[in-house]
Amino acid sequence: TVGKLLASVPLPWNIQVAGTFQTSPGPPITATYLVRSADIRASLGRDLSSGPTGTASVEIVRPGTLYGPRVYQMDARVTKIVPVGRMRMQWNFDAFNIFNANPVLQHSNNYGTSGATWLRPEGQSGVMNARLFKVSGQLTF
């Protein structure tokens with residue numbers, strides 16, 4: 001289940017405060033083991049149908065049965081609106097991932113002979129981005 005809450009509150013002096021809270025399930029956890037034909041020849045009594053250099057993927061953990069911890073994220077925005085003649089200037093200050101959470105979003109499901117890479121975060125999007133601040137403006141005329 002994914003949950004999202006959004007609140008926006010106007011304050012005096014043309015200031016507006018907004019916040020977003022999101023929660024989503026953690027990444028699915030599976031374990032895939034790549035078995036070589038030579039490894040299973042003793043128990044099967046023959047090579048795999050793909051030949052002596054063939055491989056077979058074996059699921060150690062059934063897909064859809066295990067998930068990582070839930071992911072929580074909170075973002076906020078403060079906006080100041082300044083009238084400039086007939087125009088309107090809007091200044092924004094945004095804060096993403098306020099609590100600086102760092103859950104794993106994507107990990108390796110390959111379980112090798114040692115299991116050393118299993119559940120290791122993968123790539124740039126493997127862990128949630130760190131706390132981030134942004135200042136922006138908008139001119140409406």
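A salt bridge here is a side-chain nitrogen of Lys or Arg within 4 Å of a carboxyl oxygen of Asp or Glu. Keep that in mind, since the structure holds 4 salt bridges and we'll call on several of them. One caution before you start clicking: this is a predicted model.

**Stop 1: the open sheet**

Switch to cartoon view and pick out the sheet. You're after 5 strands, running in the order β1-β2-β5-β6-β7, with antiparallel pairing. At the edges stand β1 (3-11) and β7, and each has a single partner strand, so one side of each is left without a neighbour in the sheet. Direction ignored, neighbouring strands of this sheet are turned by 15° against each other on average.

Now colour residues 15-24 and 71-84. Those are β2 and β5, which run antiparallel and are joined by 10 bridges. To see how they line up, select Ser-24: standing opposite, in β5, is Val-71.

**Stop 2: stacked rings on the sheet**

Next, show the aromatic side chains. Searching the whole structure turns up 3 aromatic pairs, and we'll visit two of them.

Stay on β2 and β5 and select Phe-21 and Tyr-72. Their rings are stacked, 6.1 Å centre to centre, with 20° between the planes. Phe-21 sits in strand β2 and Tyr-72 in strand β5, so this pair links distant parts of the chain, 51 residues apart. Turn on the surface and you'll find Phe-21 partly exposed at 30% relative accessibility. Tyr-72 is also in the partly exposed class, at 44%.

Slide over to Phe-93 and Phe-133 for another stacked pair, this one 5.8 Å centre to centre with 15° between the planes. Here the link runs from Phe-93 in strand β6 to Phe-133 in strand β7, 40 residues apart. How exposed are these two rings? Phe-93 is partly exposed, with a relative accessible area of 38%. Phe-133 counts as exposed, because its 51% relative accessibility falls in the class over 50%.

**Stop 3: a charged network**

Select Asp-94 and Lys-134. They form a salt bridge, with the closest N and O atoms 4.0 Å apart. This pair, too, links distant parts of the chain: Asp-94 belongs to strand β6 (residues 87-96) and Lys-134 to strand β7 (residues 132-140), 40 residues apart.

Is Asp-94 buried or exposed? Asp-94 counts as buried, because its relative accessibility is 4% and the cut-off for buried is under 20%. Lys-134, at 37%, counts as partly exposed.

Add Arg-77 to your selection. Arg-77, Asp-94 and Lys-134 are linked in a network of salt bridges.

**Stop 4: salt bridges around Arg-36 and Arg-41**

Move to Asp-39 and Arg-36. They form a salt bridge whose closest N and O atoms are 2.9 Å apart. Asp-39 is partly exposed, with a relative accessible area of 41%.

Then select Asp-47 and Arg-41, whose side chains meet in a salt bridge at 2.6 Å, N to O. Both ends are partly exposed: Asp-47 has a relative accessible area of 24%, and Arg-41 has 35%.

**Stop 5: a glycine in a loop**

Where is Gly-51? Look in the loop between α1 (37-44) and β4 (55-67). Despite the loop address, Gly-51 is buried, with a relative accessible area of 15%. For a sense of scale, draw a distance from its C-alpha to that of Tyr-111: the two residues are 60 apart along the chain, and those atoms are separated by 23 Å.

**Stop 6: positive phi in the β6-β7 loop**

Finish with some backbone angles. Most residues other than glycine have a negative phi. That makes two residues worth a click.

Select Asn-100, which is not a glycine yet has a positive phi of about 55°. Asn-100 lies in the loop between β6 and β7 and is partly exposed, with a relative accessible area of 36%.

Follow that loop on to Leu-119, which is also placed between β6 and β7. Phi of Leu-119 is near 70°, again a positive value in a residue other than glycine. At 33% relative accessibility, Leu-119 counts as partly exposed.

Methods
Residues are numbered from 1 along each chain as its sequence is written. This is a predicted model: local features need pLDDT of at least 70, side-chain atom pairs count only at pLDDT 80 or more; totals for chains, interfaces and linings use all residues. Side-chain values use heavy atoms; hydrogens and water are left out. Helices (H or I, at least four residues) and strands (E, at least two) are DSSP runs, numbered from the N terminus. Buried means under 20% relative accessible area, exposed over 50%, partly exposed in between (1.4 Å probe, protein chains only). Two strands pair if DSSP finds at least two bridges between them. Axes are lines fitted to C-alpha atoms, for helices over the stretch in contact, and angles run from 0 to 180 degrees between N-to-C directions. Rings of Phe, Tyr and Trp (its six-membered ring) pair if their centres lie within 6.5 Å; planes under 30 degrees apart count as stacked, over 60 as edge-to-face and the rest as tilted.
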